[in-house]
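Let's take a friendly walk through a protein model, going from its aromatic rings to its core and then to one of its sheets. Have the picture ready, and find each residue as it is named.

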Amino acid sequence: QVRLVESGGGLVQSGGSLRLSCAASGIPFRTSDMAWYRQAPGKQRELVAGISGGGTIKSVDSVKGRFTISRDNAKNTVALQMNSLKPEDTAVYYCQAQIYQNGVRDDYWGQGTQVIVSS
């Protein structure tokens, strides 16, 4: 059974930091591409940052220089370090796993963790 469990969200003032963590189980973690998405009220879910099984990183322009994604293959976890937070970063943050088996991609999602940045 695939499980992605996020933690680390909360309320923080503008300019502050938070570290999100996602613990994965039931997946071939080392070969899975992992990502963080977020969804603000009334908006579509958007990619924040992703890290491939090989360690290639991508991120949306609005978080470059502020957010850092990393993974620990020994612990099956992926983290998102968020610095210099802004009110517009307020959203529910979701962990995603992309698993490729026999040429077919399956996506799995965590339940989400709320981040609120006050001005």
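This is a predicted model, and a good place to begin is with its rings. The structure holds 2 aromatic pairs. A pair of aromatic rings is described by the distance of the centres and the angle of the planes. The table gives both values for each pair.

| Pair | Centre to centre | Angle between planes | Arrangement |
|---|---|---|---|
| Tyr37 and Trp109 | 5.0 Å | 70° | edge-to-face |
| Tyr94 and Trp109 | 6.5 Å | 85° | edge-to-face |

Where along the chain do Tyr37 and Trp109 sit? Tyr37 belongs to strand S4 (residues 33–39) and Trp109 to strand S10 (residues 104–109), so look for two distant parts of the chain, 72 residues apart. The other pair also links distant parts of the chain: Tyr94 is in strand S9 (residues 91–101), 15 residues from Trp109 in S10. Taken together, the ring pairs join Tyr37, Tyr94 and Trp109 into a cluster.

Are these rings buried or exposed? Tyr37 counts as buried because its relative accessibility is 16%, and Tyr94 counts as buried because its value is 14%. Trp109 has 35% relative accessibility, so this residue counts as partly exposed.

Charged side chains meet rings here too. Arg45 lies over the face of Trp109, 4.6 Å from the ring centre. At Phe29, the charged end of Arg71 sits over the ring, at 4.6 Å from its centre.

**The nonpolar core**

In soluble globular proteins, nonpolar side chains tend to be buried together. The largest nonpolar core in this model has 28 residues. Which of them touch the most other members? They are Met34, Trp36, Leu80, Met82 and Tyr93. Several strands contribute: S3 (18–25), S4, S5 (46–51), S7 (67–72), S8 (77–82), S9 and S11 (113–118) each supply at least two residues of this core. The largest share, 5 residues, comes from S9.

Tyr93 is worth a second look. Leaving aside residues up to four places away in sequence, its contacts include Glu6, Trp36, Tyr37, Leu80, Met82 and Val115. Among its other contacts are Leu20, Arg38, Val48 and Phe67.

**An open sheet of four strands**

Strands of a sheet pair through backbone hydrogen bonds, either parallel or antiparallel. Here, an open sheet of 4 strands has the order S1-S3-S8-S7, with antiparallel pairing. Which strands are at the edges? They are S1 (3–7) and S7, and each pairs on one side only. From one strand to the next, the twist averages 15°.

S1 and S3 pair over 5 bridges in the antiparallel sense. To trace this pairing, find Ser7, which stands opposite Ser21 in S3, and Arg3, whose bridge partner in S3 is Ser25. S3 is joined to S8 by 6 bridges, and these two strands also run antiparallel. Here Cys22 has Val78 in S8 as its bridge partner, while Ser21 is matched with Ala79 in S8.

In a regular strand the side chains alternate between the two faces of the sheet. You can follow this in S1, where Leu4 and Glu6 make up the covered face and Arg3, Val5 and Ser7 the uncovered one. In S3, the covered face has Leu18, Leu20, Cys22 and Ala24. The uncovered face of S3 has Arg19, Ser21, Ala23 and Ser25.

**A closer look at Glu6**

Finally, go back to Glu6, in strand S1. Is Glu6 buried or exposed? Glu6 counts as buried because its relative accessible area is 6%. Leaving out residues up to four places away in sequence, Glu6 touches Ser21 and Cys22, together with others including Trp36, Tyr93, Tyr94, Cys95 and Gly112. Two of these contacts link back to earlier stops: Tyr94 is part of the ring cluster, and Tyr93 is among the core residues that touch the most other members. Glu6 and Leu80 are 74 residues apart in sequence, and their C-alpha atoms are 10 Å apart in space.

Notes
Residues numbered from 1 in each chain as written. Predicted model: local features only at pLDDT ≥ 70, side-chain atom pairs only at ≥ 80, totals over all residues. Heavy atoms only, no water. Phe/Tyr/Trp six-rings, centres within 6.5 Å; stacked < 30°, edge-to-face > 60°. Buried < 20%, exposed > 50% of the residue type's maximum accessible area, 1.4 Å probe, protein only. Lys NZ or Arg CZ within 6 Å of the ring centre and 35° of its normal. Core = buried A, V, L, I, M, F, W, Y, C linked by side-chain atoms within 4.5 Å. Contact = heavy atoms within 4.5 Å. Pairing = 2+ DSSP bridges. Axes fitted to C-alpha atoms, helices over the stretch in contact; angles between N-to-C directions.
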